[in-house]
Amino acid sequence: MARRGGTPHGGPTQADVARHAGVSAQTVSRVVTGAARVDDPTRERVLASMRELGYRPNRAARALRSARYRSIGVIMSDLTSYGSVRTWEAISRAGAASGYAVALVPTATFDRSAVAEAIERVRDQAVDGLVVAIGDHLSAGEDLPLPDDLPVVVVDASALEDRSFVDTDQTMGAGQAVTHLLDLGHETVHHVAGPASSYSAVRREHGWRAALTAAGRAAPSLERGDWSARSGYDAGCRLRGDSAVTAVFAANDQMALGVLRAFHEAGVSIPSRVSVVGFDDMPEAAQFWPPLTSVHQEFEEVGRAAVDVLLARIDDADAVHRLLVPTRLVVRGSTAAAPRKATS
């Protein structure tokens with residue numbers, strides 16, 4: 001006996017779904033392929049019928065008809081940092097919302113051979129396009145073995161000027177942090193930077209220097225961390241011995257947390273004696289003590305934009321799109337007016 005709504009030879013068909021949803025078979029096909037626009041109520045009704053009947057589109061047959069697999073690949077070298085995890089989550093949600101399966105291919109490193117191997121693994125999964133999330137700074141971006149016969153969008157590497165890319169405006173965010181602290185009356189801003197191999201860290205460092213230069217202030221020697229709270233703590237221990245330090249901009253919230261601990265241990269009051277700003281605005285930032293002022297990154301927007309740009313590239317292989325997503329500063333209790341100088 002056939003299953004409900006099915007046929008004697010297999011599972012339910014698009015015709016079964018159409019009858020169940022009260023729409024035409026062409027409408028069901030449009031929902032399955034995403035080839036034409038369908039209004040949201042109709043789409044939801046068709047999807048509900050698919051779920052109730054247990055209909056599963058045949059991806060292989062659909063790819064033959066449309067020359068599309070409805071699948072995209074994502075290559076990432078770092079799945080440990082807050083920013084990388086949020087970016088991956090945003091890309092996967094945006095892909096699913098656009099009707100695309102998303103295949104993640106992680107790499108242990110981000111050198112030429114590792115990327116080439118990851119691309120071959122992605123090709124084995126039959127994808128229509130590729131998002132490459134670069135965590136490490138590339139001094140020679142043109143040497144990255146990105147394919148020319150597959151649409152590619154790069155996240156977090158706007159130095160690749162010949163490629164479509166989407167990134168947070170890292171320089172803008174660092175400038176917002178520095179300007180906020182200078183506006184509070186601080187003479188200069190010390191910086192706890194991320195690793196020199198990181199593209200994001202380098203752009204934030206450049207933004208810090210540029211904002212100080214624009215304000216006519218000298219940039220102090222920076223402290224270098226590795227994104228971890230421990231490295232921020234070590235940097236804070238070095239900074240807390242200098243009474244001239246009144247403002248610190250850390251390149252991420254985890255390092256800012258370490259800086260806060262170092263100053264707390266030394267009895268240095270935050271923010272009446274030293275102000276601290278982080279970057280990322282992770283959810284826990286509001287629970288630090290004091291609550292951390294931080295540069296907010298729109299990870300959801302970066303993920304959506306990366307998928308939108310990739311789909312545009314799939315439709316038009318010659319199109320090149322470059323997009324920087326703005327940041328915004330979220331001011332909390334870790335920053336305040338600079339302490340008054342003692343008078344003789």
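**Exercise 1. What covers helix H10**

Task: Find which elements are included in the cover of the buried residues of H10.

Solution.
Step 1. The cover of the buried residues of H10 includes strand E6 (190-193), helix H9 (229-239), strand E8 (247-250), strand E9 (275-280) and strand E10 (293-296). Here helices (H or I, at least four residues) and strands (E, at least two) are DSSP runs, numbered from the N terminus. Covering is judged by contact, meaning heavy atoms within 4.5 Å.

Step 2. Before going on, note that this is a predicted model, where local features need pLDDT of at least 70, side-chain atom pairs count only at pLDDT 80 or more, and totals for chains, interfaces and linings use all residues. Residues are numbered from 1 along each chain as its sequence is written, and side-chain values use heavy atoms, with hydrogens and water left out.

Step 3. Now list the buried residues of H10: Asp253, Met255, Ala256, Gly258, Val259, Leu260, Ala262 and Phe263. Buried means under 20% relative accessible area, exposed over 50%, and partly exposed in between (1.4 Å probe, protein chains only).

Step 4. Check the length of the helix. H10 (residues 253-265) has 13 residues and spans 19 Å from its first C-alpha to its last, close to the 18 Å expected at 1.5 Å a residue. The expected span is 1.5 Å times one less than the number of residues.

Step 5. Look just past the end of H10: Gly267 has a positive phi of about 75° there.

**Exercise 2. The sheet with mixed pairing**

Task: Work out the strand order of the open sheet with mixed pairing, and place His191.

Solution.
Step 1. Six strands make up this open sheet, in the order E7-E6-E8-E9-E10-E12, and their pairing is mixed. Two strands pair if DSSP finds at least two bridges between them.

Step 2. At the edges are strand E7 (223-224) and strand E12 (328-330), each pairing on one side only.

Step 3. Take one pair from the sheet: E6 and E8 run parallel over 3 bridges. Val192 has Ala250 in E8 as its bridge partner.

Step 4. His191 belongs to strand E6. With a relative accessible area of 0%, His191 is buried.

Step 5. Leaving out residues up to four places away in sequence, His191 touches Arg204, Glu205, Trp208, Leu222, Glu223, Phe249, Ala250 and Ala251. A polar atom of the His191 side chain lies 2.8 Å from the backbone oxygen of Phe249.

**Exercise 3. The parallel sheet and strand E5**

Task: Trace the open sheet with parallel pairing, then describe how E5 is covered.

Solution.
Step 1. The order of its 6 strands is E2-E1-E3-E4-E5-E11, with parallel pairing. Its edge strands, strand E2 (101-106) and strand E11 (322-325), each pair on one side only. Neighbouring strands are turned by 20° against each other on average, direction ignored.

Step 2. Look at both partners of E5. E4 and E5 pair in the parallel sense over 3 bridges, and Val153 has Ser164 in E5 as its bridge partner. Strand E5 (residues 164-168) is joined to E11 by 4 bridges, also parallel. Asp167 has Leu324 in E11 as its bridge partner, while Thr168 stands opposite Val325 in E11.

Step 3. Check burial: 5 of the 5 residues of E5 are buried. Ser164, Val166 and Thr168 are on one side, Phe165 and Asp167 on the other, and both faces are covered.

Step 4. Add a helix. Helix H5 (residues 82-97) lies across strand E1 (71-76), E2, strand E3 (129-133) and strand E4 (152-155), at about 155° to E2. Axes are lines fitted to C-alpha atoms, for helices over the stretch in contact, and angles run from 0 to 180 degrees between N-to-C directions.

**Exercise 4. A residue in a loop**

Task: Is Glu298 buried or partly exposed, and which residues does Glu298 touch?

Solution.
Step 1. Find Glu298 in the loop between E10 and helix H11 (299-315).

Step 2. Its relative accessibility is 27%, so Glu298 counts as partly exposed.

Step 3. Not counting residues up to four places away in sequence, Glu298 touches Val325, Pro326 and Arg328. The side chains of Glu298 and Arg328 share a polar contact of 3.4 Å. A polar contact is a pair of N or O atoms within 3.5 Å; within protein, one must be able to donate a hydrogen and the other to accept it, and residues adjacent in sequence count only if both atoms are side-chain atoms.
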